[in-house]
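Trainee: Could you go through a structure with me, a piece at a time? I would like to ask questions as they come up.

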Amino acid sequence: MNPVAEKLLKILSLEEQRGYRNDAVIGGLDKLAEHWRKEAMAAYPSPDKQALVGQVGDLLTVYPTRSNTEGREEVVRAIRKTIGRLEEQSAEPTGTPSPAQAQPAPRPAPPAPPRDRPRGGLGLDAPVTRVVGIKEEFAEKLEKLGVRTIRDLLMLYPRRYEDYSAIRPIGTLRPGEQVTVLGQIWDVQGRKSQRGMHITTITLADGSGTIQATWFNQPYLEKQFQQGRSIILSGKTDVYLGHLVMQSPEWELSNGEAIHTARLVPIYPLTEGISPRWLRRVQKRTVDYWAPRLPDPLPEDVRRDAKLMDLPTAIAQIHFPDDKDKLEAARRRLCFDEFLVIQLGVLRQRRNWRQQAGRPLRVNPQTVDTFIRSLPFELTNAQRRAIDEILHDIAQPQPMSRLLQGDVGSGKTVVALTGMLVAALDNGAQAALMAPTEILAEQHYRTITRILEASGIGNDRLTVRLLIGSLSNGEKERVRQEIQEGKANLVIGTHALIQGSVAFQNLAFVVIDEQHRFGVMQRATLREKGFNPHMLVMSATPIPRSLALTLYGDLDISVIDEMPPGRQQIKTYWLAQRERERAYTFLRKQIEQGRQAFIICPLIEESEALDVKAAVEEHRRLQTEVFPDLRLGLLHGKMRADEKDEIMRRFRAGELHILVSTSVVEVGIDIPNATVIMVEGADRFGLAQLHQFRGRVGRGEHQSYCILISDSATPESQERLRAIEQIHDGFQLAEKDLELRGPGEFFGTRQSGLPDLRLAKLSDTRILEEARRQALRIFERDPDLSNPEHALLAEQVREFWQHKGDLS
């Protein structure tokens, strides 16, 4: 055995004897890591062996961060196994190997880190009170920022930076500039204003000119600002009584390392009682000590291939960057890490689902052809392609897991129905469709029954049932009985489908509509109603590729990127509040021509109850003051299902001229005679939602219009409204919406289920694509992340997914 490896094994034995207290060597095993790594690199010159040496070094570094004996014992075992592999590779075979020698020993998997690692112990998981300068009172304030441990503090990234890196001669300054100057203090004055406020003023000179700087209510500064001292000031210049001045600039003495000035200065999120200067000083101490000690979970070959900065450098540079290039490199590395953990997780989900035994369904081409020929419209090529992909999947012995997405009105329902019919007619099985709202479930039920009645296919063998919460107890019990007995073979419903009282006899095909509105437990529960049924997820909102990779990375994707013939472009106009009367006049003219209209009430984000109250009031105002001679209906989410049904029946029958509604009409309402939709407070909705509203009209033969009412002054909302005026393609709008509002609001203000990203944005498409590529490489070689070089990465993935669950 190589002496370098032998020496480390002896140290590990001593550490075991001493009870894993990290005192077998002075300073601890983490202090030994760098020295041992250098020795071992010289002792093992080949690249393969040096990769293993790097893994041992990383494991030594991570050792003190394990906060209990069990965790440290696991790290020691992993180090021993890695050294064993190092020595295996070092052994040169001599002569003819015996049969036993010819068989490579199975590679032992490293032990899984404890799932519930105790917090508040040693190392990075120690409470922040272990950091010099953080007392209990400040720890309580930091907790409001989500900071409890040293690790949390390192992950509290700056939200932006002030660029004070270029020091300017005072004589070149102009008012209104953000600048940094270095000079000598000529004069210091302290005085009180008439209101008792203490004012400290200094005059700073650098040979090219002078500038005055003033601070308020900080009398202690007079002791710091002594005549003749050199200091650095960073801030915004102004003019007062003809003199160049700065008010409350950042300052530092010039004889130390700059933290607050003369650099890219980090600006952190704050809370009451935490000042920017205090937090920067604390972060500098924490980063300087802990960043070099951080173990890097990424194997060296991944860092090299993806051209990534190492983790210690990235953490140091994200907090206190040397320059903009290093800041960007640090951000790229940390964003990559976030995406990689998500991608490895969704790849694992995909593998786990595909490894389960599924039920291949028999696909009778005659059934499919008969159904398609019976339709009163021609399918688009994109619809036919999606149907072929689904039918191919369900014929396999692995359960299908596919996302079907397309623009508003692209015809997703008929594609999903084709798969449902194959399950029911060709295989004698059951198919279920779960929608997020009763209105949408009812719309699917009506659409499917209408299509089937018109086609005449399988009338004697198909029983379509609707199961929603608002049915009477007797009706629900009857439907549940039919489902259990297998009599109901096409079942459409809401969350009611996943209740414990619902038991399918033979569920083989599941469709989940508007998937992003369901949590993973709901999705998994519906899957469990059958024997690993084939699953199709439909999203009515076009999803950008980056978001699809993140939310649906475990699914295959079918895209309907072609609209049915005859769908006309909806003319869209953005009007100011003062032009509302013009919009009302236009609505009236359309109604006089026999058309109908929607009016969408503004979104009140605080509560659905306020949304309803606003809609009720707006309906009353419009009926009594604006359109007293017309018949107006009201629709909102708090109405009973039978009330909604009655309103929609009257609107569909033409008994109502205008439907006043909250955002419940976003999806699932199909009124061919409606030609105008007017959206109040349009700036409060995202592009995806506005595009959904627009899709409620233009479903008939007449030209249709979308009118957006907004006086929003913010540049972001103005850009959003200009985009919806000009762009009609849902996928282009989705990319724009993601760019403008970020993923957290992509599906609407009350959306949940998106990954919690600290630094990365889903608009970072290139980084996401690279993370996906590297995740696939890692997954192909080591899907369980059981190799020693992936031990730290496996723990990171496990921790993230343990707390987040399924992202979609």
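Trainee: How many bridges join β5 to strand β6, and do they run parallel or antiparallel?

Mentor: Before I answer, please keep in mind that this is a predicted model. Strand β6 covers residues 243–247, and four bridges join β5 to it, with the two strands running antiparallel. If you want one facing pair to look for, Y240 stands opposite H243 in β6.

Trainee: What do β5 and β6 form, and how many residues are between them?

Mentor: They form a hairpin with two residues between them, and L241, which sits in the turn, has a positive phi of about 50°.

Trainee: Which other strands are joined to β5?

Mentor: Strand β2, residues 178–192, is joined by seven bridges to β5, which spans residues 230–240, and this pair runs antiparallel. Within that pairing, Q184 stands opposite S230 in β5. Strand β7, residues 250–253, is also antiparallel to β5 and is joined to it by four bridges, and there you can find I232 opposite E252 in β7.

Trainee: Let's change topic. In what order do the seven strands of the open sheet come?

Mentor: The order is β11-β12-β10-β13-β14-β9-β15, and the pairing in this open sheet is parallel. At the edges you find β11 (464–467) and β15 (556–560), each of which pairs on one side only. If you ignore direction, neighbouring strands of this sheet are turned by 20° against each other on average.

Trainee: How many bridges join β9 to β14?

Mentor: There are five bridges between strand β9, residues 401–406, and strand β14, residues 534–539, and the two run parallel. One facing pair to pick out is R402, which stands opposite L536 in β14.

Trainee: Which strands does helix α15 lie across?

Mentor: Helix α15, residues 412–427, lies across β9, β10 (430–434), β12 (490–493), β13 (507–513), β14 and β15, and its direction is at about 170° to β13.

Trainee: And in the open sheet with six strands, what is the order?

Mentor: That sheet has the order β16-β21-β20-β17-β19-β18, with parallel pairing. Its edge strands are β16 (571–575) and β18 (632–635), and each of these pairs on one side only. From one strand to the next, the twist averages 15°. Inside the sheet, strand β17 (residues 596–600) is joined by five bridges to strand β20 (residues 674–680), the two running parallel, and I599 stands opposite M678 in β20.

Trainee: Which strands does α24 lie across?

Mentor: Helix α24 lies across β16 and β21 (705–709), and it runs at about 155° to β16.

Trainee: How do the axes of α23 and α24 cross?

Mentor: The axes of helix α23, residues 687–694, and helix α24, residues 715–726, come within 10 Å and cross at roughly 35°, and the crossing is right-handed. On the α23 side, L687, L690, H691 and R694 take part, and they meet R720, L721, A723 and I724 in α24. The residues of this contact divide into five nonpolar, one polar and two charged.

Trainee: Now a single residue: is R85 buried or exposed?

Mentor: R85 counts as buried because its relative accessibility is 12%, and buried means under 20%. This residue lies in helix α4, residues 69–90, and its side chain makes a polar contact with the side chain of E789, at 3.5 Å.

Trainee: Why does D152 count as buried, and what does it touch?

Mentor: D152 is buried because its relative accessible area is 18%, and you will find it in helix α7, residues 150–154. If you leave out residues up to four places away in sequence, D152 touches G146, V147 and R758. You could also look at A126, which is 26 residues from D152 along the chain, with 9.9 Å between the C-alpha atoms of the two.

Trainee: To finish, how many helices and strands are there in the protein?

Mentor: The secondary structure comes to 27 helices and 21 strands. The protein has 808 residues, of which 54% count as buried. Among contacts between residues at least 6 apart in sequence, 73% join residues at least 24 apart.

Methods
Residues numbered from 1 in each chain as written. Predicted model: local features only at pLDDT ≥ 70, side-chain atom pairs only at ≥ 80, totals over all residues. Heavy atoms only, no water. Axes fitted to C-alpha atoms, helices over the stretch in contact; angles between N-to-C directions. Left-handed = near helix turned anticlockwise from the far one by under 90°. Contact = heavy atoms within 4.5 Å. Nonpolar A, V, L, I, M, F, W, Y, C, P; charged D, E, K, R; others polar. Buried < 20%, exposed > 50% of the residue type's maximum accessible area, 1.4 Å probe, protein only. Polar contact = N/O pair within 3.5 Å; in protein donor to acceptor, adjacent residues only side chain to side chain. Pairing = 2+ DSSP bridges.
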